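Biologist: I should like to examine how the descriptive terms applied to this model are justified. Could we take the sequence and structure first?

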Amino acid sequence: MAAKIIGFDQENHRVSTQQLLRQIYTALEQGETEFEVLSSGHHDIGGPLWTEDGTPLKFRVKNPGQRVGSFGLDGTEIVVEGSAPADAGWLNAGATLTILGDGGDTTAHCAASGNIYVAGRVGTRSGSLMKHDPAYDAPQFWVLKHTGSFSFEFMGGGLAVVCGHGCDELDSVLGDRACTGMVGGTVYARGPVKGLSDEVWMLDLDDADRTFLKNNMPVFLEKIGKKTLLKELTDFSQWQKIVAKSYEERNVRSRITMREFREQCWVEGGIFGDVVKNDDLHVAGLVNAGDDRLKIPHWQDKRFGAPCQVACPSNIPTQDRINLLRQGKYDEALALVLNYSPFPASVCGEVCPNLCMDACSRRFIDKPVAMKELGKLSLDVPAPPIKPATGKKVAVIGGGPGGLSAAWQLKLHGHEVTVYEADCEIGGKLRQVIPTDRLPEESLASEIKRIKDVGIEVKTNTEVDSKLFETIKEQHHAVVIASGAHNAVVIPFPGHELMTKGLDFLKDVNAGKKPKVGKRVIVIGAGNAGMDVCLGAYAMGAEKVIAIDIQRPAAFKHEIDGVKALGGEIRWPVFTEKVTEQGLWTKDGELIEADEVIIAIGERPDLSFVPRDWLTDRGMMDVDACCQVIKAPGIFAIGDTTKPGLLTHAIGDGQEAALMIDDYLAGKELVPVVKPEMINQSCLSKELFKPRNRGKFCVTDAKDETLRCISCGTCRDCTMCLESCPEGAIRRVEKADGTFEYVSDDEDCIGCGLCAGICPCGVWAMEIMV
């Protein structure tokens with residue numbers, strides 16, 4: 001028999017909340033564990049209570065007041081017969097709270113663990129500030145109908161499910177301005193959703209999402225006595241999920257121009273001064289050697305990285321490649337790049353935005369060094385020698401540029417590598433979405449053949465699910481997850497179902513399916529992918545393509561120029577209100593007429609084959625600085641599975657992950673790869689190089705770039721320092737291994753700094769004596 005707790009005295013007067021709670025505490029001390037509570041607005045019923053022996057506590061409550069179930073602990077179950085007012089389940093710490101009616105405002109507010117089930121609707125700000133401590137199971141918040149406005153505000157973790165039953169007439173099952181400030185967790189919603197914060201993405205369900213809902217929906221419906229709704233609520237075509245944008249996605253800002261900086265941000269004035277203390281009585285001459293010098297020179301070969309190398313996500317040291325060409329070591333120079341990327345011609349030479357060229361010091365003289373042409377020289381270069389076999393097996397899931405980069409490097413280190421690819425051929429987005437006029441088929445085919453020829457096993461048409469993933473883990477010593485991002489992001493404004501997903505469109509174009517487009521096309525998103533979609537639309541017969549964005553276009557200039565050359569138009573900032581059969585309506589009330597609207601604002605990975613607790617709250621692989629999954633030693637993840645990036649970022653990730661795996665398999669401690677510090681432009685003597693006429697500039701032979709490369713931070717062995725030293729203090733020393741160094745004799749050097757001033761590469765640096 002349950003203990004009866006009555007909220008009225010013998011004269012039928014309502015007792016205070018403190019008196020009612022005292023009845024519960026007394027009964028609990030007497031060994032009662034089940035309670036039937038007749039309340040009259042008494043608050044905090046079912047709060048932080050427990051038994052010494054861990055026996056579960058059960059409450060059945062009528063007419064509760066605020067904060068029913070607040071601070072509820074694991075092992076406590078509370079059932080409310082009817083509705084509950086505000087703050088039900090506030091700061092829930094593990095209890096199971098079932099409300100057989102509606103929940104008031106801020107239901108599940110700050111919930112940190114446990115489950116809350118509501119058989120009706122909930123009020124405003126419900127689910128706000130939900131959080132998840134990884135040491136405990138994530139809180140779950142289930143609602144049969146809908147929520148009020150500002151729901152899931154500042155949500156930081158946990159799972160929420162809003163079933164939208166009987167809410168077809170509502171504009172949104174989440175009310176207005178849902179998910180504002182959301183930084184973590186997942187919200188599943190069935191039915192119409194509008195007014196979402198721009199800090200979140202709304203995505204389609206993946207297999208893991210459907211499995212979660214399918215397994216837990218019967219539990220929820222049994223709790224609230226609505227088991228007959230199971231078929232209706234497990235029709236997953238009506239569901240979507242909402243996740244927070246990553247820190248990088250929320251903090252995209254346009255870099256202002258120098259002109260904008262001068263006009264808007266410049267602050268005039270400033271005081272600069274030096275204080276030098278000299279406490280000894282030694283008087284040095286005007287020109288001194290040894291310890292009396294004001295400055296001493298240091299030869300710092302490779303102490304700093306060249307801008308091209310530091311800017312390159314694949315870490316390619318182009319200055320070393322060009323130095324080898326200067327020395328006449330042609331084959332060695334062209335093979336060098338294969339130690340960093342298996343795609344020197346396809347990526348570096350064709351589709352890479354060439355961040356190295358954007359950073360190249362030569363651009364301050366005339367034009368950057370021709371990295372694309374240098375990359376193409378390595379198209380037919382054979383693979384480097386493979387190290388002796390280690391007997392270790394590594395699996396790579398995903399045959400895109402990142403996965404193939406990792407597989408290539410691992411094979412060169414002597415490991416046995418198997419690549420699992422869901423498509424009919426490896427190559428990933430290089431083959432699937434990049435237009436062939438930007439990436440010639442023969443170039444990519446040649447480099448893929450080179451990858452296969454080193455002995456990497458490739459299993460195509462093999463989609464990895466959770467069952468196969470378990471098998472792969474068992475059969476290999478390490479696994480690389482490089483499955484990329486192929487789930488297109490769609491903004492849930494009205495009419496979004498009329499849009500075409502940009503990634504699907506590009507895949508159809510490259511597969512030769514010739515998707516039909518209208519004469520007038522709008523592309524939402526002006527990044528590099530958006531520009532590829534624009535080119536694809538023109539290739540499929542579009543007459544006018546307009547790309548729009550809410551911010552300064554993120555695409556590289558040459559990508560934008562290519563679209564404009566075909567007649568394309570780039571408009572920003574443009575904020576979309578809705579999409580209709582007539583075209584796209586902006587928030588300013590303008591109709592941009594279109595026959596088709598294609599959205600290309602990014603993709604998210606499908607990682608439903610890995611355990612859910614391997615992922616971040618934003619659905620990405622949770623890895624450390626060494627690319628290793630934090631909760632799974634021996635499992636590594638790269639590329640778009642961890643964060644959005646360029647193709648060359650994925651290639652660089654693959655190279656670094658391979659180095660980490662090689663150390664892991666050797667039993668070494670993993671140490672993150674650290675890029676060298678970029679050399680300062682002030683260290684380079686660019687005035688020593690004769691500028692070429694930019695208007696007449698043309699690359700006829702990439703090998704001639706040896707005359708133009710400054711070799712930033714790496715000695716080019718020009719001997720200019722040795723020849724110009726007025727005291728003859730510098731010597732060139734040849735080492736036994738064939739390398740060399742330049743040495744300054746302290747007894748002869750006067751610290752004049754001519755060596756540092758004349759060095760074109762910035763290798764000599766002057767240290768101020770203290």
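Biologist: Why is Tyr 664 called partly exposed?
Modeller: Tyr 664 has a relative accessibility of 29%. Buried means under 20% relative accessible area and exposed means over 50%, with partly exposed in between (1.4 Å probe, protein chains only). The value of 29% lies between these limits, so Tyr 664 counts as partly exposed.

Biologist: What kind of model is this, and which atoms and residues enter the values?
Modeller: The model is predicted, so local features need pLDDT of at least 70 and side-chain atom pairs count only at pLDDT 80 or more, while totals for chains, interfaces and linings use all residues. Residues are numbered from 1 along each chain as its sequence is written, and side-chain values use heavy atoms, with hydrogens and water left out.

Biologist: How many aromatic pairs are there, and what makes Tyr 188 and Phe 212 a stacked pair?
Modeller: The whole structure holds 13 aromatic pairs. For Tyr 188 and Phe 212, the ring centres are 5.6 Å apart and the planes meet at 25°. Rings of Phe, Tyr and Trp (its six-membered ring) pair if their centres lie within 6.5 Å; planes under 30 degrees apart are stacked, over 60 edge-to-face, and the rest tilted. Both values satisfy the rule, so this pair is stacked. Tyr 188 belongs to strand S9 and Phe 212 to helix H2 (residues 207–224), so the pair ties together parts that are 24 residues apart in sequence. Strands (E, at least two residues) and helices (H or I, at least four) are DSSP runs, numbered from the N terminus.

Biologist: Are these two rings buried or exposed?
Modeller: Tyr 188 is buried, at a relative accessible area of 0%, and Phe 212 is buried at 11%.

Biologist: Why is the pair of Phe 636 and Tyr 664 called edge-to-face?
Modeller: Their ring centres lie 5.9 Å apart and their planes are at 75°, so the pair is edge-to-face. The pair links Phe 636 in strand S27 (residues 635–637) with Tyr 664 in helix H19 (residues 647–665), 28 residues apart. Phe 636 counts as buried at 0% relative accessibility.

Biologist: Which residues do ring pairs link into a cluster?
Modeller: The cluster consists of Tyr 117, Trp 142, Tyr 188, Phe 212 and Phe 220.

Biologist: Why is strand S9 said to be largely enclosed by the rest of the structure?
Modeller: In strand S9 (residues 184–190), 7 of the 7 residues are buried, so the description holds.

Biologist: How do you know that S9 pairs with S8 and S11?
Modeller: Two strands pair if DSSP finds at least two bridges between them. S8 and S9 share 5 bridges in the parallel sense, with Val 161 opposite Tyr 188 of S9. S9 and strand S11 (residues 239–244) run antiparallel and are joined by 5 bridges, with Val 187 opposite Ile 242 of S11.

Biologist: What makes Glu 153 and Arg 125 a salt bridge?
Modeller: Their closest N and O atoms are 2.7 Å apart. A salt bridge requires a side-chain nitrogen of Lys or Arg within 4 Å of a carboxyl oxygen of Asp or Glu, so the pair qualifies. Glu 153 lies in the loop between strand S7 (140–143) and strand S8 (156–162), and Arg 125 in the loop between strand S6 (113–118) and S7, so the contact ties together parts that are 28 residues apart in sequence. Glu 153 is buried at 12%, whereas Arg 125 is partly exposed at 33%.

Biologist: What do Glu 559 and Arg 438 tie together?
Modeller: Their side chains meet in a salt bridge at 3.1 Å, N to O. Glu 559 lies in helix H18 (residues 557–565) and Arg 438 in the loop between helix H13 (429–432) and helix H14 (441–453), so the pair ties together parts that are 121 residues apart in sequence. Glu 559 is buried at 7% and Arg 438 is buried at 17%. Elsewhere, salt bridges with shared partners join Asp 206, Asp 209, Lys 241 and Arg 612 into one network. The count by this rule is 40 salt bridges.

Biologist: What makes a set of residues a nonpolar core, and which residues have the most contacts inside the largest one?
Modeller: A core is a set of buried Ala, Val, Leu, Ile, Met, Phe, Trp, Tyr and Cys residues joined through side-chain atoms within 4.5 Å. The largest has 68 residues, and Phe 343, Val 480 and Met 531 have the most contacts inside it. A second, separate core of 48 residues includes Leu 20, Leu 49, Cys 167 and Cys 179.
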